[in-house]
Structure formats: structure tokens, C-alpha cells
Amino acid sequence: MTKQISYTYPNKLKNQCSYSLISGDCIKNLKNIDNKSVHLILTDPPYNLGQFMHNRNTNLKKMRENQFAYAGWDNLPYNEWVKDMDMFFEESSRILIKGGSLLIFMSIIKVESIIALAEKNGFYYKTTGIWHKTNPMPRNMNLHFVNSTEAWIYFTIGTNTGTFNNDGKLIHDFFETSLTTQSEKRHGKHPTQKPIKLIDKLVGLLSNENDIVVDPFMGSGTTGVSCKKLKRKFIGIDQNKEYVEMAKKRIDEII
Ligand SMILES: C[S@@+](CC[C@H](N)C(=O)[O-])C[C@H]1O[C@@H](n2cnc3c(N)ncnc32)[C@H](O)[C@@H]1O
């Protein structure tokens, strides 16, 4: 069994935010977080598309190393994935404060399953939105539509409104950015790393300075990078130690 790693960044100065990065299964580790202590959960779990991609026999051989369907963390049969996501929502509903928010990225074909699981665990469904990638991989562009979108789903708990820092501006349920740049990947590659620009917007809108933000499926730590930039406290969990090391390097370099 590989040893779990955990990094904490204690408050050295008054008001300096703290970070905790943990390697291990998120369901187990969420159990160590106090009841009603978290303001925002912002996360990007497996989309349960691995088996679908394998069954499609898509011509991905050339890009296997850097393709999520071959990364080994999205291979569960649908029923097992549903059980895991159910436990994730159960723990999330326990740790969030009343009026806390949860935003989860998801494949568009799984949105309905996620809303049903969240509502079963007491969440109030607010919005389904889209992230549009302006420069998607032009894979098989002469055969079918190029995949350039992912969904995100936004919930609150205990109340039907949460923190929403729109500063009086209209916020569309549609965010557009380019793919994650190579310079954001300088500490290592993660096949589904989200762009900082996208996560900055969401962290800024849905939480306040000094709030506690949790990402139980943190991957390369993009949510943690935004939290440090925007002065939120952060707890990140990933089952893969290499991704936790990568997240640590990325967060450490933010001043
Ligand atoms: C879609 S990726 C997240 C990518 C992240 N948003 C980023 O910007 O790098 C999902 C992550 O969940 C992790 N994961 C999958 N199942 C997990 C579990 N049960 N507990 C903890 N982490 C898990 C995988 O290792 C993977 O890094």
C-alpha cells in the first residue's frame, strides 16, 4: 500500500490563508472534515466516460498517454460510479455550512444523474451551465461535430441562495476560454487540467476571502491555485500522489 501524503500550509501571518493537500480516496478523507465547516465545494470528478470511450473503440492510440480514458481513474461501471457519487454528495452535504454552494463539472450526458443524486442528498438545484473551449482538439473534424463543451452544475444547501459576487453584473451560464495553456502545465501533465482563468471566475463568484473551499477530486490542483490567488483557504484531495505533488508545486509558486 502506498503511504498517504499530506501537506499543510499553516497561517504564518494574520489573515494569511492556509492549504491542506491530501493524497487518498476522497470519501474516506472527507469524513475527517468537520460538520458545517466549508463554504464552497468546487470539483471536477470522473465523468464516467472511460468505458464508453473504450467501447466506442475510438482511434485514440496515438494520444493514449495523455487521454483521460487511459489515465486509469475513470473506468468504473455506471452503477459503481453512481454509488461513489452518492457518497460524495452525502459527505458534501454534511461538511457544507447552511447556504454553502457546490459546483461540479460533468459530461453533458450525466447531468441528469448528478442532479438526482444531489437532490437526494438535500441539495437545492440552481443552474446547469456550459464551459466552451475556443480551441478544441479538431479530432475527426470531417466526420462529426467537434467536442468543445463540458457542463457544470451549481447547487446550494440549506437555503436557495448562496454567495454570488456578481457586483451587479449579469453573469451568463456560459463561460468561454481557451484550453489550458502549456505554461500552466509546466509542473507536469494532467489529462483534464482546467484553465485557471475559468476556475478563478467560479471561485470569485461563489466564495469570499478567507472562506474554506474544498476540491475532493483536485487533480493538478487548479482550484487550489485560484484559492491562493484569491485568498481563500483550501483543502484538496486526490487519490493519485503524483497529482498531489504537482498541485503542491503549482500552489507553492503563487505569491
Ligand atoms: C477530472 S480530474 C480533475 C482535474 C482538475 N480539475 C485539474 O484542473 O487538474 C479528476 C481527478 O479525480 C481523481 N480521483 C478519482 N477518483 C477519486 C477518489 N475516489 N478520491 C480522490 N480522487 C479521485 C483522479 O485522480 C483525477 O485526478
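This is a short tour of a predicted model, moving from the whole chain to the ligand and then to charged side chains.

**Whole chain.** Start with the cartoon view and colour by secondary structure: the protein has seven helices and nine strands. Of the 255 residues, 47% are buried. Now display the surface, which comes to about 13,600 Å² of accessible area, 52% of it belonging to carbon and sulfur atoms. If you list contacts between residues at least 6 apart in sequence, 72% of them join residues at least 24 apart.

**Ligand.** Select the ligand and the residues around it. There are 19 such residues, and the closest are Asp25, Asp44, Ser220, Thr222 and Asp238. Then look at three polar pairs. A ligand nitrogen is 2.8 Å from a polar backbone atom of Cys26. A ligand oxygen is 2.9 Å from a side-chain N or O atom of His190. At Lys194, a backbone N or O atom lies 2.9 Å from an oxygen of the ligand. The protein covers 95% of the 610 Å² of accessible area that the ligand has on its own.

**Glu184.** Go next to the loop between strand E7 (174-177) and helix H5 (196-206), where Glu184 is found. Which side chain of opposite charge is nearest to Glu184? Arg250 is, at 4.3 Å; Glu184 is buried yet has no salt bridge, because the cut-off for one is 4 Å between a side-chain nitrogen and a carboxyl oxygen. Beyond its neighbours within four places in sequence, Glu184 is in contact with Gln193, Lys194, Pro195, Ile196 and Arg250.

**Salt bridges.** The whole structure holds nine salt bridges; three are visited here.

- Select Lys133 and Glu150, whose closest N and O atoms are 2.6 Å apart. Lys133 is in strand E5 (residues 123-133) and Glu150 in strand E6 (residues 149-157), 17 residues apart. Lys133 counts as buried at 11% relative accessibility, and Glu150 is buried at 12%.
- Move to Lys229 and Asp200, which meet at 2.5 Å, N to O. This pair links helix H6 (residues 222-229), which holds Lys229, to helix H5, which holds Asp200, across 29 residues. Lys229 is partly exposed at 39% relative accessible area, whereas Asp200 counts as buried at 17%.
- Finish with Asp252 and Lys248, at 2.8 Å between the closest N and O atoms. Both lie in helix H7 (residues 241-252), four residues apart, or about one turn of the helix. Asp252 is partly exposed at 35%, as is Lys248 at 22%.

As a last selection, take Asp44, Lys133, Glu150 and Lys194 together: salt bridges that share partners join these residues into one network.

Terms used:
Residues are numbered from 1 along each chain as its sequence is written. This is a predicted model: local features need pLDDT of at least 70, side-chain atom pairs count only at pLDDT 80 or more; totals for chains, interfaces and linings use all residues. Side-chain values use heavy atoms; hydrogens and water are left out. Helices (H or I, at least four residues) and strands (E, at least two) are DSSP runs, numbered from the N terminus. Buried means under 20% relative accessible area, exposed over 50%, partly exposed in between (1.4 Å probe, protein chains only). Contact means heavy atoms within 4.5 Å. Accessible areas come from the Shrake-Rupley method with a 1.4 Å probe; for residues, only the protein chains shown count as cover. Lys and Arg count as positive and Asp and Glu as negative; His and the chain ends are not counted. A residue is near a molecule or strand if one of its heavy atoms lies within 4 Å of it. A polar contact is a pair of N or O atoms within 3.5 Å; within protein, one must be able to donate a hydrogen and the other to accept it, and residues adjacent in sequence count only if both atoms are side-chain atoms.
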